[in-house]
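This report walks through one protein chain, moving from its overall layout to particular residues. Please keep the sequence and the 3D view open side by side while reading.

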Amino acid sequence: RDPLLAEASLTQHQAAAKRRAEQYFRYEHRMGSNSISVTSLDFELSVPTPVPGWAGRCSTTGKVFIEYYDSKGRSFQRTTSTFEVLTEQKTGEPLNVLDFSRKS
């Protein structure tokens, strides 16, 4: 068991993954006509899992439920997407998000 990944640490990895996913789906992800406003995001996240061979590194997978308003079509839309976030915390350093990957 990775000593850097205590239970409290896993919660921090998961929170960092959620923050990064929220930023991505609210401000970066292209949807609809791209003249959209995200009205709601809801997340289902896995428990972060240690990445073998990398001390302090975790992978968190998730699914997001997105509702947005498309101003060109003048309609509300709903969609889902899956993703993976890689986070790392080295001894004495802040937790960092290393990678965000949209899977679907």
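A good place to begin is the hairpin made by E3 and E4, where four residues lie between the strands and Arg74 takes a positive phi near 50°. The model shown here is a predicted one. Arg74 has this positive phi of about 50° although it is not a glycine, and its place is in the loop between E3 and E4. With a relative accessibility of 70%, Arg74 counts as exposed, because the cut-off for that word is over 50%.

**The chain as a whole**

Seen from further back, the chain has one helix and five strands, and the order of these elements from the N terminus on is α-β-β-β-β-β. Its C-alpha atoms fill a box of roughly 50 × 20 × 20 Å, taken along the principal axes. Of the 104 residues in the chain, 32% are buried. The area that the chain exposes is about 6400 Å², and carbon and sulfur atoms supply 47% of it. Among the contacts between residues at least 6 apart in sequence, 51% join residues that are at least 24 apart.

**How the strands pair**

The two strands of the hairpin, E3 and E4, pair in the antiparallel sense over 14 bridges, and one example is Thr60, whose bridge partner in E4 is Val85. Strand E4 is also joined to strand E5, residues 96-102, by six bridges, and these two strands likewise run antiparallel. Here Thr87 stands opposite Val97 in E5.

Val97 can be followed a little further. This residue of strand E5 is partly exposed, with a relative accessible area of 35%. Leaving aside neighbours within four places in sequence, Val97 is in contact with Ala16, Arg20, Val85, Leu86 and Thr87. Val97 and Ala17 are 80 residues apart in sequence, yet their C-alpha atoms are 7.1 Å apart in space.

Gly62, in strand E3, offers a contrast between sequence and space. Gly62 and Lys72 are ten residues apart in sequence, but 29 Å separate them from C-alpha to C-alpha. Beyond its neighbours within four places in sequence, Gly62 is in contact with Glu44, Leu45, Ser81, Thr82 and Phe83.

The table below gathers the relative accessibility of four residues.

| Residue | Relative accessibility | Class |
|---|---|---|
| Phe25 | 0% | buried |
| Gly62 | 12% | buried |
| Phe100 | 15% | buried |
| Arg74 | 70% | exposed |

**The nonpolar core**

Which residues touch the most other members of the largest nonpolar core? In this core of 14 residues, they are Phe25, Leu41, Phe43, Val64, Ile66, Phe83 and Phe100. Helix H1 (7-28), strand E1 (36-45), strand E3 (57-70) and strand E4 (75-88) each supply at least two residues of the core, and the largest share, four residues, comes from H1. In soluble globular proteins, nonpolar side chains tend to be buried together.

Val64 shows what such a position looks like in detail. If residues up to four places away in sequence are not counted, Val64 touches Phe25, Leu41, Asp42, Phe43, Thr79, Thr80, Ser81 and Phe83.

**Aromatic rings and charges**

The count of aromatic pairs comes to seven. One of them, Phe25 with Phe100, is edge-to-face, with 5.9 Å from centre to centre and 75° between the planes. Since Phe25 lies in helix H1 and Phe100 in strand E5, this pair ties together parts that are 75 residues apart in sequence. Phe25 counts as buried because its relative accessibility is 0%, and Phe100, at 15%, counts as buried too. Both rings also belong to a cluster in which ring pairs link Tyr24, Phe25, Phe43, Phe83 and Phe100.

Charged side chains also meet aromatic rings in this model. Arg20 lies over the face of Phe100, at 5.3 Å from the ring centre. In another place, the charged end of Arg57 sits over the ring of Trp54, 3.8 Å from its centre.

Key. Residues numbered from 1 in each chain as written. Heavy atoms only, no water. Core = buried A, V, L, I, M, F, W, Y, C linked by side-chain atoms within 4.5 Å. Buried < 20%, exposed > 50% of the residue type's maximum accessible area, 1.4 Å probe, protein only. Contact = heavy atoms within 4.5 Å. Pairing = 2+ DSSP bridges. Phe/Tyr/Trp six-rings, centres within 6.5 Å; stacked < 30°, edge-to-face > 60°. Lys NZ or Arg CZ within 6 Å of the ring centre and 35° of its normal. Areas by Shrake-Rupley, 256 points an atom, 1.4 Å probe, with all protein chains shown as cover.
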